[in-house]
Amino acid sequence: MLIRKLWTSSTAMLESAFSIGVTRQKFTSKMLSDAQIAGFENIRMYADASKSEVRASQQMFIPDTGSRRANYLALSAGGDGGAYGAGYLNGWSARGDRPSFDMVTGVSSGAFIAPFAFVGKSADAKLASFFQNGMASQMESRNSLLQGALGQSIYPSGPMIALIKSQVDDSLIDQVGERYRAGARLLVLSTNLDAGRGVIWNLGAVAASDQSARYDLFRNVLRASASIPAFFPPTEIVSQNGDDELIELHVDGGAIRQLFFLPDAALSTTEAQYFLPNEKPNFYVIVNQGLTPDFTMARGQTLAIGRRAYDILIRNSTHENLTADFEFAHVHGIPFQMTHIPASLSELVTCPPRLPHS
């Protein structure tokens, strides 16, 4: 009993010493579900919301740019594999037949790519810089082993915050707002740790707002979507429920789905009609990871084992999400094209740089 008390006391002291989060006031599930971001009402919803809730917000998922046939782009999670998606978009632009996307969705590293893809080819240089220069530098500084174990994460949040602020600048966010006002849609997925549910954010509406806080909220949501649990600390997002202030914790959207086009309820046969334009759109998917098993001699260290197991889990989750979205597209006669990181460099070199038909 004495040893247990000493252990509990020592652990509590260490957790207090190394914790970098703020103290949060307790709130209930009901308080959270009704909470709004002050000044940004109705700019998000749960990914697993009911059919009636989703239908009430259907305009959030239907672009209206005047295009005869809309182009939808889904950008998957993938960690540092996001460099593939960034390079692919740059190469697609250079080839000369990359379309303008009427709706872009992003998860995790795909969320980082999403605003640049949404703005269009003019943002290609910034997108390349984000992954060529910034992403590598943010991995250079780690917390100590003790901080990583008893604090919130292996990597501190500072470098990621600085990277996002420098690359996703106010000018880019303003361009996102302009496209949203022209009818395009930009959606990003995060995971609310308290609710244990995915949250779809209407980032185009955030960017188009006249609120001065729009820039910070936009960047915070991107960071939240890409904050891999344990590797990066959760992102704190403040919401309001009446007079109560809630400090929500959001992490990687990949904990819920690796990619998405529509909320879960909209994928049912009875609901699809409310979320698809009269002219069926084109579905494009860029998967920022490989889809075939890769042999790697697993190392015996704890972090290496965890990372390897996590990679396997993510790959299989991606297969499930792709299958669901492809079946939805097939049932409704929607052209579906995708690309993913090939199994070998020779594949990458010899394959024509085209989105293969699936």
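**Packing of helix H5 and the aromatic contacts**

In this predicted model, helix H5 (residues 109-119) packs against helix H11 (residues 214-225) at an angle of about 140 degrees, and the two axes lie 7 Å apart. The crossing of H5 and H11 is right-handed. On the H5 side the contact is made by Ala111, Phe112 and Pro115, and on the H11 side by Phe218, Leu222 and Ser225. Five of the residues in this contact are nonpolar and one is polar, while none is charged.

The chain as a whole contains 13 helices and nine strands. Of its 358 residues, 48% count as buried. Among contacts between residues at least 6 apart in sequence, 76% join residues at least 24 apart.

Helix H5 is mostly covered, with 11 of its 11 residues buried. The buried residues of H5 include Ala111, Phe112 and Pro115, which also take part in the contact with H11. Ser109 and Gly110 are likewise among the buried residues of H5, as are Phe116, Phe118 and Val119. The residue that follows H5 is Gly120, which has a positive phi, near 120 degrees.

The largest nonpolar core comprises 89 residues. Within this core, the residues with the most contacts are Leu73, Leu89, Val168, Trp201, Leu203, Phe218 and Val285. Helix H5 gives the most to the core, contributing eight residues. Phe218, listed among the residues with the most contacts in the core, belongs to H11 and is part of the contact with H5.

Aromatic contacts were then examined. The count comes to 13 aromatic pairs. One of these joins Phe101 and Tyr284, whose ring centres are 6.2 Å apart; the planes stand at 70 degrees, over the 60 degrees required, so the pair is edge-to-face. Phe101 is located in the loop between helix H4 (82-95) and strand E3 (103-107), whereas Tyr284 is located in strand E8 (residues 282-290), so this pair ties together parts that are 183 residues apart in sequence. Both partners fall under the 20% limit for burial: Phe101 counts as buried because its relative accessibility is 1%, and Tyr284 is buried because its relative accessible area is 11%.

A second pair is formed by Phe112 and Phe130, with 5.0 Å from centre to centre and 50 degrees between the planes, a tilted arrangement. Phe112 lies in H5 and Phe130 in helix H6 (residues 124-137), so the pair ties together parts that are 18 residues apart in sequence. Phe112 and Phe130 are both buried. Phe112 thus appears in the contact of H5 with H11 and in the aromatic pair with Phe130 of H6. Phe101 and Tyr284 are, in addition, members of one aromatic cluster together with Tyr84, Tyr88 and Trp92.

A further site concerns Asp264, which is placed in the loop between strand E7 (244-252) and E8. Asp264 has a relative accessible area of 36%, between the limits of 20% and 50%, and is therefore partly exposed. When residues up to four places away in sequence are not counted, Asp264 touches Ala47, Asp48 and Arg257. The C-alpha atoms of Asp264 and Ser50 are 8.6 Å apart in space, although these residues are 214 residues apart in sequence.

Key: Residues are numbered from 1 along each chain as its sequence is written. This is a predicted model: local features need pLDDT of at least 70, side-chain atom pairs count only at pLDDT 80 or more; totals for chains, interfaces and linings use all residues. Side-chain values use heavy atoms; hydrogens and water are left out. Axes are lines fitted to C-alpha atoms, for helices over the stretch in contact, and angles run from 0 to 180 degrees between N-to-C directions. Helices (H or I, at least four residues) and strands (E, at least two) are DSSP runs, numbered from the N terminus. A crossing is left-handed if the near helix is turned anticlockwise from the far one by less than a right angle, and right-handed if clockwise. Contact means heavy atoms within 4.5 Å. Ala, Val, Leu, Ile, Met, Phe, Trp, Tyr, Cys and Pro count as nonpolar, Asp, Glu, Lys and Arg as charged, and the others, Gly among them, as polar. A nonpolar core is a set of buried Ala, Val, Leu, Ile, Met, Phe, Trp, Tyr and Cys residues joined through side-chain atoms within 4.5 Å. Buried means under 20% relative accessible area, exposed over 50%, partly exposed in between (1.4 Å probe, protein chains only). Rings of Phe, Tyr and Trp (its six-membered ring) pair if their centres lie within 6.5 Å; planes under 30 degrees apart count as stacked, over 60 as edge-to-face and the rest as tilted.
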